[in-house]
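Reader: Hi! I have a model open on my screen and would like to walk through it with you. Could you help me find my way around?

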Amino acid sequence: MKEDAGRQRVIIEGVEPEIDCGRFPIKRTIGETVVVEADLFTDGHDSISALLLYKREKDSGWTEVPMTPLVNDRWRAELRITELGLWLYTVTGWVDHFKTWRKDFRKRVDAGQDVAVDLLIGAELIRGASARALAAGRKGDARVLDGLASDLADSKDPRARIRLALDDELAQLMDRFPDRGFASVYPRELAVKADRERARFSAWYEMFPRSCGTGGRHGTFRDCEERLPYIAGMGFDVLYLPPIHPIGQTFRKGKNNKVTAEPGDVGSPWAIGAEEGGHKAIHPDLGTLDDFRRFLARAKEHGIELALDIAYQCAPDHPYVREHPEWFKRRPDGTIQYAENPPKKYQDIYPFDFESDAWRGMWEELKSVVDFWIGEGVRIFRVDNPHTKPFPFWEWMIGEVHREHPDVIFLAEAFTRPKIMYRLAKLGFTQSYNYFPWRNTRWELTEYLTELTQTEVQEYCRPNLWPNTPDILTEPLQIGGRPMFVQRFILAATLGASYGIYGPAYELMEHLPRERGSEEYLDSEKYQLREWDLGRSDSLRELISLVNRVRQDNPALQTNATLRFHATDNDKLICYSKTAEEAGGGNIVVVVVNLDPNYVQSGWVDLRLDELGLDREQSFQVHDLLTGARYLWHGSRNFVQLDPRAVPAHIFRIRRRVRSERDFDYFM
């Protein structure tokens, strides 16, 4: 037992946020705050003081923030993240004898008791603070405190002594030099992983570069450059490319995932590696490394970041198979074990054997793939199937990368069991795919998004909502027509601060499955080249552009933290809000979506006005950012009607105060 342990009387527990007893950091982006709460209490009736301590990992000293008492021994303080990297925080508290004395002294004065001795006790406490100020090199404060102690003990005017004892400026000065000799400190230093803004707010567009060619020709990076204005014009800031590496010939898949390829079939980009190279090489039909660098620069000029696919697997022709056979598992017949997800077989892909005795060298080489592309200027990676690789590898690899490059973003493509998805997020993945594609009813959406944004999960898992991917064409999109594509897009873009679509399949409403009951696309780009008519009159391009502008213009839609659901009397209607503080006042957005792709739905929404900061007695204006219409709403219950054949949603921006009907007309 420590020498002073018996005199550390303050108990500290229930610190939040804290993930798995401090095993993992929480996540924030630059400019966001961390609100820290904790239970602090002591025996008896003494007053206590508490501080939140925080620092950047590289700093030697702590910054201190006073904690404010709430109710039931709960305390709170907050810190603002101002720099990338790892931050640490903890809590300390102590019995504050001056606060206790001052509290009791006021009671004695109010009761008319003799306080002569109490004044002497107070003077001694102030002299103690004077000594601490002197030890801290604050000679001026020490002299002031010493003088106040003398006045409190020796003044001939009793009323003046009492006024001095209860003076707020004295209390503030005493707070600067408290007696923390027996302070308790929470035994764990908790961590915050601070990322850049794009980790919190981003709009992703997935595109197969090989399908940017025309006339049946394999696309090149020069062709992709011509697609950039189209993508930027829709408001996307991240362009994700499936693997751009050479594709193996051995066991190459044919169109529509046929086991045998025909002459001219291009194969799956995820079958990585051929004679031309592996994970650090570029498919020769796309161009050269210089072409890639040019494309990266052109994308940046359009305000777009490139995200590359990291798929740790090999085609049989990959140089790793020849140079490092020890990295792969052998079957009893001597052949290398190919990837399987019974009954599915992927003969064109060899997974790495992470139980290999040569695992250390393999880990270093796999990390070097990420290092290589970082060296080429890439800062965002979408990681394929991370749940099929060991957790310790990801914690090590991502941790090492972030140590040198804290701005790198990793998106986990892990459609698997919840605990596995969440573990990957805890281990360091910046963003995470999730079950949004399969959550369709009001209850499903409400329950799931509440879990992601309003429970402990929101501290470490940032959802990235995708209504489709090259692997996922859900049944509602197959049968729901244009209204379903619009509905799911608006849900993804407004429920999530980060979202993505696989295009041009999405904006052109590609909906035919390879076969009944399958979520695979017919004529999937995973196995063949496709040509897209980007100028089609029925494209969702304009709607997507509009919604992305709305997202950019409204800070409320750039966070998940304030998502709240509101009641409706029709379960085909879902209503939710987001809020954010901004210059000139708060930004409030309320979204109402018709979940029925076939029929007009109407009903009453019941807003929780108090949570939105709206006066129940005051009318307010709702401005539909999709149509431009403006309505005057009164109270919490208001009527909506949405036709799926028109625009099946409202995205309302709330204007808090409308003074009169005439004022409302002015804003029409």
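Reader: Let me jump right in: in β7, which residue is the bridge partner of Thr68?
Author: In β7, Thr68 has Arg76 as its bridge partner. Before we go on, this is a predicted model, where local features need pLDDT of at least 70 and side-chain atom pairs count only at pLDDT 80 or more, while totals for chains, interfaces and linings use all residues. Residues are numbered from 1 along each chain as its sequence is written, and side-chain values use heavy atoms, with hydrogens and water left out.

Reader: Thanks! How do β6 and β7 pair?
Author: β6 and β7 (residues 74-80) are antiparallel, with two bridges between them. Strands here are DSSP runs of E with at least two residues, helices are runs of H or I with at least four, and both are numbered from the N terminus. Two strands pair if DSSP finds at least two bridges between them.

Reader: And what order do the strands of that open sheet come in?
Author: The order is β1-β3-β7-β6, four strands in an open sheet with antiparallel pairing. β1 (11-16) and β6 (68-69) are at the edges and have a single partner strand each, so one side of each has no neighbour in the sheet.

Reader: What sits in the loop between β6 and β7?
Author: Asn72 is in that loop, and Asp73 is found there too. Asn72 has a positive phi of about 55 degrees although it is not a glycine, and Asp73, also not a glycine, has a positive phi of about 65 degrees. Most residues other than glycine have a negative phi, and most peptide bonds are trans.

Reader: How exposed is Asn72?
Author: Asn72 is exposed, at 70% relative accessible area, whereas Asp73 is partly exposed, at 41%. Buried means under 20% relative accessible area, exposed means over 50%, and partly exposed is in between (1.4 Å probe, protein chains only).

Reader: You mentioned peptide bonds. Which residue does a cis peptide bond join to Pro17?
Author: That would be Glu16, and omega for the bond is about 0 degrees. Pro17 lies in the loop between β1 and β2. Another cis peptide bond joins Gly503 and Pro504, with omega about -5 degrees. Pro504 is in the loop between β22 (498-502) and α15 (541-553).

Reader: New topic, pockets! What volume does the largest pocket have?
Author: About 1500 Å³. It is lined by 41 residues, and the closest to its centre are Glu340, Asn341, Lys344, Tyr346 and Asn385. A pocket is an open set of points on a 1 Å grid over the protein atoms alone, with protein on both sides within 12 Å along at least five of seven lines, and a cavity is a set where a 1.4 Å probe fits but cannot get out; lining residues have an atom within 4 Å of a point. Grid points are joined across faces, edges and corners, and a volume is the space filled by probe spheres set on the points.

Reader: Which strands supply at least two residues of that lining?
Author: β15 (339-341) and β16 (344-346) each do so for the largest pocket. By class, the lining of the largest pocket has 15 nonpolar, ten polar and 16 charged residues. Ala, Val, Leu, Ile, Met, Phe, Trp, Tyr, Cys and Pro count as nonpolar, Asp, Glu, Lys and Arg as charged, and the others, Gly among them, as polar.

Reader: How many cavities of 30 Å³ or more are there?
Author: The count is three. The largest cavity has a volume of about 70 Å³, and its lining includes Phe208, Arg210, His218 and Leu286. That lining has eight nonpolar, three polar and one charged residues.

Reader: Last one, α7: which residues are buried?
Author: In α7, Asp291, Phe292, Phe295, Leu296 and Ala299 are buried. They cover an arc of only 140 degrees around the axis, taken from the directions from the helix axis to the C-beta atoms, which puts them on the same side of α7. Asp290, Lys300 and Glu301 are exposed on the other side of α7.

Reader: And the whole chain, how many helices and strands?
Author: The chain has 17 helices and 30 strands, and buried residues make up 55% of its 668 residues.
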